[in-house]
Amino acid sequence: AIGADPDRMRWAVDLARTVQREAGRDAGDVSFGAYVTVGCHPDRDAGRALVRGSVAAFAHFSAMPGSTGAGLDDHDRALVAEVGRRYDSNLHLVNSAAHAQVLPDEFVDRFAVIGDSGTCAKRLRALIDAGLDRLVITGPSFGANREDVRVHHELVTEELLPALRAK
């Protein structure tokens, strides 16, 4: 639940590698992966609307008891804390949930990968370059517009994934 900001991802991977070294483990003993929410759509607003519920759910994990929100700046830490205060588990992963509406577009753009297939490929490549070995891509949340979901799935399967494999 680190989100899709390459700087935060790099911080998390570096922290894990430091702990691994301190524990005397070989660098090859552990590989790194992340859940990354993707709203692939040529209309950025539609892309955000596809995944706002998923972004809120993953942001909520950074606000759960025991989490420090480490690696987040003060503004984002306050945002995820507000999501955590408002979180309604009965509306988990629902785009229209009140807790999902707390997140401004610029947070959604940083915490998820939003945009057309080329933009998404570039953002995902930056996460791989930050030290990830694999990605678990999550997509549209409950209540997403069906036509926008169709466009998302078409772009992911026909353009985004082939672009990532080509590099």
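Start by selecting Phe58 and Phe61: both sit in helix α2, which covers residues 44-61, and they are 3 residues apart, so about one helical turn separates them. An α-helix has 3.6 residues a turn, so residues three or four places apart point the same way. Keep in mind as you click around that this is a predicted model.

**Stop 1: the rings of α2**

Show the side chains of your two residues. How are the rings of Phe58 and Phe61 arranged? They form an edge-to-face aromatic pair, with 5.6 Å from centre to centre and 85 degrees between the planes. Edge-to-face is the right label because the angle is over 60 degrees. Now switch on a surface. Phe58 is buried, at 13% relative accessible area, whereas Phe61 is partly exposed, at 34%.

Add Tyr35 to the selection. Ring pairs join Tyr35, Phe58 and Phe61 into a cluster. In total, the structure holds 3 aromatic pairs.

**Stop 2: the whole of α2**

Now select residues 44-61, which make up helix α2. Try a distance from one end to the other: the end C-alpha atoms are 25 Å apart. For 18 residues at 1.5 Å a residue, the expected span is 26 Å, so the two values agree. Still, have a look at Val51, where α2 bends by about 55 degrees.

Is α2 mostly enclosed or mostly open? Of its 18 residues, 14 are buried, so the rest of the structure largely encloses this helix. Pick Val55 as an example: this residue belongs to α2, and Val55 is buried with a relative accessible area of 0%. Then click Val38 as well. Val55 and Val38 are 17 residues apart in sequence, and their C-alpha atoms are 9.4 Å apart in space.

Slide to the start of α2 and show Asp43 and Asp45. A side-chain oxygen of Asp43 comes to within 2.9 Å of the backbone nitrogen of Asp45. While you have Asp43 selected, add Gly131. These two are 88 residues apart along the chain, and 29 Å separates their C-alpha atoms. Gly131 lies in the loop between α6 (117-129) and β3 (134-138). With 13% relative accessibility, Gly131 counts as buried.

**Stop 3: a cavity**

Select Ala1, Ile2, Gly3, Tyr35, Val36, Thr37, Phe58 and Phe111, which line the largest cavity. You've already met Tyr35 and Phe58 in the ring cluster. How much space does this cavity have? Its volume is about 50 Å³. The structure holds 1 cavity of 30 Å³ or more. Strand β1 (residues 33-40) provides the largest share of the lining, with 3 residues.

**Stop 4: a second ring pair and a pocket**

From the cavity, keep Phe111 and add Phe107. These two rings are stacked, with 5.1 Å between the centres and 15 degrees between the planes. Stacked is the label here because the planes are under 30 degrees apart. Phe107 and Phe111 are 4 residues apart in helix α5 (residues 105-111), so about one helical turn lies between them. Check the surface again: Phe107 is buried at 1% relative accessibility, and Phe111 is buried at 6%.

Both rings also help to line the largest pocket, so extend your selection to its full lining: Ile2, Asp5, Asp7, Arg8, Gly71, Leu72, Asp73, Asp76, Phe107, Arg110 and Phe111. The largest pocket holds about 150 Å³ of space. Which helix gives the largest share of its lining? That is α5, with 3 residues. Both α1 (6-22) and α5 supply at least two lining residues each.

**Stop 5: Leu93 and His99**

Next, click Leu93, in the loop between α3 (74-86) and α4. What is unusual about its phi? Leu93 has a positive phi of about 70 degrees, although this residue is not a glycine. Most residues other than glycine have a negative phi. At 25% relative accessibility, Leu93 counts as partly exposed.

Finish on His99, in helix α4 (residues 98-101). His99 is buried, with a relative accessible area of 1%. Add Val80 for one last distance: His99 and Val80 are 19 residues apart in sequence, with 9.8 Å from C-alpha to C-alpha.

Notes
Residues numbered from 1 in each chain as written. Predicted model: local features only at pLDDT ≥ 70, side-chain atom pairs only at ≥ 80, totals over all residues. Heavy atoms only, no water. Phe/Tyr/Trp six-rings, centres within 6.5 Å; stacked < 30°, edge-to-face > 60°. Buried < 20%, exposed > 50% of the residue type's maximum accessible area, 1.4 Å probe, protein only. Expected span 1.5 Å × (residues − 1). Bend = angle between axes of the 7 residues up to and from the residue. Polar contact = N/O pair within 3.5 Å; in protein donor to acceptor, adjacent residues only side chain to side chain. 1 Å grid on protein atoms, 1.4 Å probe; cavity = no way out; pocket = protein on both sides within 12 Å on 5 of 7 lines; lining within 4 Å. Points joined across faces, edges and corners; volume = space filled by probe spheres on them.
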